[in-house]
Amino acid sequence: MTVQPSRNRYEFAPPGLFDPARHEPPTSAQWDPTIVRASIRDIVVDAATAFDRDGLWPAHPLDEPITPETRYSMLYLGAGGVIWGLKRLARIGYAEVDPRFDAVIPDLVARNRTVGETAQAGTASYLMGDAGLLLLHWMTTRSAEIADRLFEVVHGNLHHPAREMLWGSPGTMVAALHMAEATSDARWVDVLNEGGATLLEEMEWDEALGAWLWTQNLYGKTRRFLGAGHGFAGNVFPILRAAHYLSPEIVQQYTDRAWSVLNALALRDGPCTNWHPMHDPLAVTGRLPLVQDCHGAPGIVVRLAGVARSERWDGLLEQAGELTWRAGPLNKGAGLCHGTAGNGFALLKLWTRTSNPLWLERARVFAMHAIGQVATERQTRGQGRYSLWTGDIGVALYLASCITGESSYPTLDVF
């Protein structure tokens with residue numbers, strides 16, 4: 001049955017489904033679009049002021065740079081993501097176009113490889129490697145040469161053993177999806193279909209669970225992750241997002257298998273649902289589930305919100321949203337990947353999926369809380385957090401979405 005959400009975050013809060021130490025009560029500040037727009041403007045101005053063509057942006061201590069002087073270039077937490085985010089904010093009317101950024105885009109792939117992050121699992125990655133930066137370069141230049149390079153990266157990554165969003169083919173398929181929507185070149189649709197079929201073939205039947213799963217070979221370990229960052233939900237996302245390019249049969253197969261897995265492994269308590277990061281009874285025993293975009297209920301809502309409406313899916317996703325709300329904002333930070341803004345996007349997705357205004361109201365509570373977190377962190381550290389997925393730029397995009405009530409997730413739903 002569909003959840004009837006409560007306005008009281010503490011009513012029947014299920015502590016066994018999350019770790020209260022990772023969360024904090026939401027702000028009592030009332031939603032105020034004027035304050036929200038001012039916060040977006042402050043983030044944009046701070047990022048523009050801190051930019052240096054040679055040094056790009058300083059890494060934030062919480063992003064654990066290799067050295068204090070490290071300058072990242074990737075989409076996830078580097079200059080590529082900051083530039084994309086500022087360009088996106090300019091397109092939707094919350095920033096001015098800054099011509100300085102275009103001059104550094106052609107060098108970002110080489111800079112990113114020099115830092116060495118791509119050595120962990122190859123260079124193709126959408127969020128960490130070449131694919132996302134080439135897509136940014138192509139969106140700026142519309143160069144046929146860059147498009148060809150990007151296609152080679154995407155096609156060459158179809159069998160990556162990680163089988164997850166960050167490094168594997170699900171991530172680079174998102175790049176192909178954006179190219180398919182931006183061009184009339186049929187090869188992008190072809191590679192999406194090839195990628196969808198390949199990824200489906202790589203699933204493994206778990207007899208005990210009675211469901212199909214992927215095994216991730218990641219950082220020298222094998223895991224069966226469930227969430228959005230490295231796991232099952234992240235793999236299903238590009239199929240749902242690209243459903244208009246794929247056969248209805250393959251989309252249905254993914255949808256059916258997603259239901260089997262998520263329903264079987266759901267942790268339920270009253271009106272709330274969450275999931276452990278992975279399907280591994282020994283590894284999760286005695287551990288409380290996370291409630292983040294990368295692992296846990298919020299990311300599963302965001303990645304599966306595009307599934308066709310039905311009573312069972314509506315109920316499962318709203319129960320996950322209810323848990324996200326009742327757990328409260330994350331005290332780890334304000335960003336997308338493991339922060340308040342990322343969790344807030346789950347509430348926005350439920351607003352656009354159900355048209356229930358309470359979800360938008362809740363998303364806006366998280367937005368006001370994230371504003372305070374950004375300001376406090378900047379004051380404490382003496383600098384902004386210049387990244388898309390972990391820092392202030394992702395928060396600014398979330399704030400803009402809360403003003404409009406539109407829930408497109410940065411670099412996934414829209415590029």
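Trainee: How many disulfides does the structure hold?

Mentor: Start with the idea. A disulfide is a covalent bond between the sulfur atoms of two cysteines. Here the structure holds zero disulfides. Keep in mind that this is a predicted model.

Trainee: Which cysteine sulfur is nearest to that of C294?

Mentor: The sulfur of C337, 3.9 Å away. A disulfide needs the two sulfur atoms within 2.5 Å. C294 is in no disulfide.

Trainee: Is C294 buried or exposed?

Mentor: Buried counts as under 20% relative accessible area. C294 has 10% relative accessibility, so C294 is buried.

Trainee: What about C402: how far is its sulfur from the closest cysteine sulfur?

Mentor: The distance is 18 Å, and the closest sulfur belongs to C337. That is too far for a bond. C402 is also buried, because its relative accessibility is 0%.

Trainee: Now helices. What describes two packed helices?

Mentor: Two things: the angle between their axes and the distance between the axes. Take α4, residues 130–141, and α5, residues 144–156. Their axes come within 9 Å and cross at roughly 155°. Angles over 145 degrees count as roughly antiparallel. So α4 is roughly antiparallel to α5.

Trainee: Is the crossing of α4 and α5 left-handed or right-handed?

Mentor: Left-handed. Now find the residues that make the contact. From α4 they are D130, A131, L134, L135, H137, W138 and T141. From α5 they are I146, A147, R149, L150 and V153.

Trainee: How do the residues of that contact divide by class?

Mentor: The contact of α4 with α5 has eight nonpolar residues, two polar and two charged. Find them in the structure, starting with W138 of α4 and R149 of α5.

Trainee: Which helix packs with α2, and at what angle?

Mentor: Look at α15, residues 392–404. Helix α2 covers residues 79–91. The two pack at an angle of about 25°, with their axes 9 Å apart. Angles under 35 degrees count as roughly parallel. So α2 is roughly parallel to α15. Their crossing is left-handed.

Trainee: Which residues make the contact of α2 and α15?

Mentor: G81, V82, W84, G85, L86, R88 and L89 come from α2. I393, A396 and L397 come from α15. By class, the contact of α2 with α15 has seven nonpolar residues, two polar and one charged.

Trainee: At what angle do the axes of α12 and α14 cross?

Mentor: Roughly 35°. Helix α12 is residues 311–327, and helix α14 is residues 357–381. Their axes come within 11 Å. The crossing is left-handed. On the α12 side the contact uses E318, G321, E322, T324 and W325. On the α14 side it uses W359, R362, V365 and F366.

Trainee: How many nonpolar, polar and charged residues does the contact of α12 with α14 have?

Mentor: Four nonpolar, two polar and three charged.

Trainee: Let me try single residues. Where is L199, and is L199 buried or exposed?

Mentor: L199 sits in helix α7, residues 186–201. L199 is buried, because its relative accessible area is 1%. Next, ask what surrounds it. Leave aside its neighbours within four places in sequence. L199 is then in contact with S169, P170, W214, N235 and Y254. Take W214: the C-alpha atoms of L199 and W214 are separated by 8.7 Å, with their positions 15 residues apart along the chain.

Trainee: Where is A121, and what does A121 touch?

Mentor: A121 is in the loop between α3 (108–115) and α4. Not counting residues up to four places away in sequence, A121 touches H160 and W167. A121 is buried, since its relative accessible area is 16%. For a longer look, pick H279, 158 residues apart from A121 along the chain. Their C-alpha atoms are separated by 22 Å.

Trainee: What sign of phi do most residues have?

Mentor: Most residues other than glycine have a negative phi. L56 has a positive phi of about 55°, although it is not a glycine. L56 lies in the loop between α1 (33–50) and α2. L56 is buried, because its relative accessibility is 2%.

Trainee: Where does R163 lie, and what is its phi?

Mentor: R163 lies in the loop between α5 and α6 (169–182). Its phi is positive, about 50°, and R163 is not a glycine.

Key:
Residues are numbered from 1 along each chain as its sequence is written. This is a predicted model: local features need pLDDT of at least 70, side-chain atom pairs count only at pLDDT 80 or more; totals for chains, interfaces and linings use all residues. Side-chain values use heavy atoms; hydrogens and water are left out. Axes are lines fitted to C-alpha atoms, for helices over the stretch in contact, and angles run from 0 to 180 degrees between N-to-C directions. Helices (H or I, at least four residues) and strands (E, at least two) are DSSP runs, numbered from the N terminus. Angles under 35 degrees count as roughly parallel, over 145 as roughly antiparallel, 65 to 115 as roughly perpendicular and the rest as oblique. A crossing is left-handed if the near helix is turned anticlockwise from the far one by less than a right angle, and right-handed if clockwise. Contact means heavy atoms within 4.5 Å. Ala, Val, Leu, Ile, Met, Phe, Trp, Tyr, Cys and Pro count as nonpolar, Asp, Glu, Lys and Arg as charged, and the others, Gly among them, as polar. Buried means under 20% relative accessible area, exposed over 50%, partly exposed in between (1.4 Å probe, protein chains only).
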